[in-house]
Amino acid sequence: EAWEMAVSTKLRGLLMRQLRAPSHLNFINFRTLSPSAQEASRVVTQEFSDHNYESLQVTSTQKHVLHVQINRPDKRNAMNKAFWREMVECFGKIAKDPDCRAVVISGAGKMFTSGIDLMDMASDLLQPQGDDVARISWYLRDFISQYQKTFSVLEKCPKPVIAAIHGGCIGGGVDLISACDIRYCAQDAFFQIKEVDVGLAADVGTLQRLPKVIGNQSLVNELAFTARKMMADEALESGLVSRVFPDKDVMLDAAFALAGEISSKSPVAVQGTKINLVYSRDHSVDDSLDYIATWNMSMLQTQDIIKSVQAAMEKKDLKSVTFSKL
């Protein structure tokens with residue numbers, strides 16, 4: 001009703017002329033989904049042959065939504081060499097997958113992740129390659145830069161990524177969730193910037209992203225200097241997570257419901273929104289306004305606007321609109 005009031009008579013006439021034009025009718029597919037068809041669009045849980053990993057499991061139980069699980073439950077989902085490599089491969093594919101519009105990332109087993117797998121990574125960290133200080137340093141800088149990409153791919157992926165956290169989210173886990181777009185957690189979740197306890201400064205995203213996520217430099221400093229645990233209620237109060245749920249199952253249901261809601265919107269609108277939110281975080285207001293103006297000078301020409309406004313005028317649920325793949 002609010003949408004309908006917002007659409008002026010002039011705009012309504014313009015839209016109807018566009019909708020009646022044969023060229024547009026040929027281009028736009030105005031099929032609507034009945035409730036039964038919407039239900040049929042939900043598919044049974046399936047794995048994907050092009051997502052075959054040692055440390056991750058990628059499945060789908062819902063149209064346009066992928067579930068990425070850190071899948072080393074017997075190792076508390078510790079991040080081994082395969083994980084650091086496979087995350088980049090996985091989200092590189094997701095970024096280009098026209099069927100995917102939202103992602104939920106969670107941990108299999110009893111916790112989200114215990115962080116870096118020190119046993120598996122010891123040789124790279126403690127015995128770096130090189131004949132002298134300069135060469136060892138060169139190697140380590142490249143090594144760290146490569147590992148930073150493991151979580152930067154979450155931020156650069158145009159599809160919204162929802163972190164669903166239960167149990168421990170330790171060390172590299174905080175780096176990971178800081179690069180996600182939305183964070184939900186279960187009541188048993190806790191968060192720990194553990195790096196100072198093993199003799200190093202966190203170097204793959206926490207110190208760069210977390211201050212911007214929660215907007216409290218004093219709290220970030222405290223957590224990073226002490227490695228103390230932040231429990232779920234404090235995480236909610238500080239803004240690290242947006243919702244807390246009684247347990248893992250309830251949290252995952254909510255995360256998938258949220259992903260489904262996001263995936264029902266225009267992918268042009270949602271993905272453009274994510275890209276501009278990330279850009280605006282790191283640039284001035286003036287630069288960001290210029291960027292969105294340049295972005296939308298082409299994106300405003302999408303047929304998704306016509307479809308969305310027509311649905312609003314006809315008081316139809318946006319979930320009934322079929323948007324083209326992106």
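Let me start with one pair, R72 and D117, whose side chains meet in a salt bridge with 3.0 Å from N to O, where a salt bridge means a side-chain nitrogen of Lys or Arg within 4 Å of a carboxyl oxygen of Asp or Glu. This pair links distant parts of the chain, 45 residues apart, with R72 in the loop between strand 3 (65–70) and helix 5 (81–95), and D117 in the loop between strand 4 (102–107) and helix 6 (118–126); helices (H or I, at least four residues) and strands (E, at least two) are DSSP runs, numbered from the N terminus.

Please keep in mind that this is a predicted model, in which local features need pLDDT of at least 70 and side-chain atom pairs count only at pLDDT 80 or more, while totals for chains, interfaces and linings use all residues. Residues are numbered from 1 along each chain as its sequence is written, and side-chain values use heavy atoms, with hydrogens and water left out.

Are R72 and D117 buried or exposed? R72 is buried at a relative accessible area of 13%, and D117 is buried at 11%, where buried means under 20% relative accessible area, exposed over 50%, and partly exposed in between (1.4 Å probe, protein chains only).

Turning to two other pairs, K194 forms a salt bridge with D197, their closest N and O atoms being 3.2 Å apart; K194 is partly exposed at 32%, and D197 is partly exposed at 44%. R228 and E222 also meet in a salt bridge, at 2.6 Å from N to O, with R228 partly exposed at 26% and E222 partly exposed at 35%.

Finally, E155, R209, K212, R281 and D282 are linked in a network of salt bridges, and the count comes to 16 salt bridges.
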